[in-house]
Amino acid sequence: MTARRTGSPDGPGTDTVGGRTARQLLRLCDVAGLDSADADLYARTLTDMLGGVAARPLDLPPVTPTFLSDDHTPVEFSLAFVPGAAPTLRVLLEPGCGAGGLARSGRAGLRTVREAAGRWGVPTDRLDELEDLFFPAEPEGPLALWCALELLPGGVPRVKVYLNPAASGQRRAADTVREALRRLGHRQAFDALPPSDRHLFFALDLGDWEEPRVKVYLAHHDLTAAQAGALSRTGDDLGAAQTEAFFRVAAGQDDAPGVGHDDVAGAVDGPRPVRRPVQSCHAFTETATGLPSGFTLYVPVRDHVRHDGEALARAVALLDRQGLDSAPLERALAAVTSRRPEDGVGLIAYLALAHQRGRPPRVTTYISSEAYQVRPPAGLLPAVAANAG
Ligand code: TRP
């Protein structure tokens with residue numbers, strides 16, 4: 001790499017991956033009601049965990065393409081909404097992304113997570129038990145390790161780690177998931193999962209969770225709303241009807257106001273890109289029943305809208321239905337970008353509805369950084385992100 005180093009992170013043309021995403025995070029912390037001490041700490045944590053990539057100027061292409069986001073920014077934000085409280089801000093990042101290749105990035109990611117967890121007093125033993133399964137010498141697949149932080153007041157986040165079931169090949173993914181569940185004591189969990197097209201992620205909560213979860217993410221292509229509603233295996237019909245209704249609104253198969261028709265995704269950029277699958281996530285917290293205690297449905301809303309104005313309208317409609325205040329979402333979008341929602345698509349990446357036994361349903365909105373690029377709305381040519389500062 002040549003001379004262009006960080007320079008002033010605020011100077012035009014010298015903005016960096018770490019500078020841009022840290023400023024977005026600072027503003028989002030304000031939306032989520034975190035004080036400035038916590039915000040500063042979390043912004044530094046983000047830059048630290050990104051490692052060398054943080055200093056990379058945004059006018060150079062991403063070091064390696066990442067599956068974490070559409071434009072290859074190694075960071076994605078989300079806001080989780082529950083009744084009666086400010087939304088929780090989370091940040092998903094790829095800690096080893098500059099290391100070059102999956103094997104190295106997996107090792108760098110593990111090291112980064114262990115170091116950070118050590119600082120927070122968070123044990124990583126559950127992750128350590130799975131290392132050989134998810135970090136083979138020659139890994140395959142779309143990722144090695146991602147880490148998500150739930151940014152709680154007080155400066156110590158809750159930590160989630162996402163691993164790749166296909167690390168030893170897609171054909172071994174199911175066995176890898178079964179074995180990982182078994183090692184963590186969830187012997188019956190694998191057989192409780194619904195049929196799917198692919199095992200996408202295996203995730204672990206680390207640290208100070210009331211009920212740490214082990215989560216299995218599955219991909220489902222070409223689902224109908226009724227099929228989506230029938231995916232949950234929690235055994236008590238936890239919100240099946242709500243999940244079905246959620247799917248209809250998020251995917252635009254509903255006549256609610258502000259909701260468009262479900263025929264637009266592919267129209268974006270001429271020949272239709274293949275639509276991303278809907279994802280399900282089953283969360284296991286206890287080993288007695290073998291049943292999952294949580295179920296989440298993720299709809300890649302960006303594949304079902306012409307522009308983020310529509311995605312926002314759907315998110316607002318879904319939050320309204322659950323009696324949740326959508327004002328923080330609008331503020332959050334303004335915190336990450338100065339573009340209008342109508343001027344691109346993909347800022348809102350996913351909408352999710354989560355049911356966890358004993359808790360109120362939660363709506364989560366996934367918000368892209370768009371540090372590198374904004375995908376244009378239907379029919380326009382790609383543009384580089386406006387300097388969103
Ligand atoms: N970018 C990937 C995707 O779109 C992975 C991903 C990032 C994802 N954030 C997510 C998947 C939130 C589900 C929910 O699939």
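Me: Why is the crossing of helix 1 and helix 2 called right-handed?
Reply: In this predicted model, the crossing of helix 1 and helix 2 is right-handed, because that term applies when the near helix is turned clockwise from the far one by less than a right angle, whereas an anticlockwise turn counts as left-handed. Helices here are DSSP runs (H or I, at least four residues), numbered from the N terminus.

Me: What makes helix 1 roughly antiparallel to helix 2?
Reply: The axes of helix 1 (residues 17-31) and helix 2 (residues 36-50) cross at roughly 150° and come within 9 Å. Axes are lines fitted to C-alpha atoms over the stretch in contact, with angles from 0 to 180 degrees between N-to-C directions. Angles over 145 degrees count as roughly antiparallel, so helix 1 is roughly antiparallel to helix 2.

Me: Which residues make the contact?
Reply: With contact meaning heavy atoms within 4.5 Å, helix 1 contributes residues including Val 17, Leu 25 and Cys 29, and helix 2 residues including Asp 40, Tyr 42 and Leu 50.

Me: How do you know that Asp 128 forms a salt bridge with Arg 114?
Reply: The closest N and O atoms of Asp 128 and Arg 114 are 3.0 Å apart. A salt bridge requires a side-chain nitrogen of Lys or Arg within 4 Å of a carboxyl oxygen of Asp or Glu, and therefore the pair qualifies. Asp 128 lies in helix 4 (residues 125-128) and Arg 114 in helix 3 (residues 102-120). The whole structure holds 25 salt bridges.

Me: On what basis are the values computed?
Reply: Residues are numbered from 1 along each chain as its sequence is written, and side-chain values use heavy atoms, leaving out hydrogens and water. Local features need pLDDT of at least 70, and side-chain atom pairs count only at pLDDT 80 or more, while totals for chains, interfaces and linings use all residues. The protein chain averages a pLDDT (the predictor's confidence in each residue, from 0 to 100) of 90.

Note on methods: Parallel < 35°, antiparallel > 145°, perpendicular 65-115°, else oblique.
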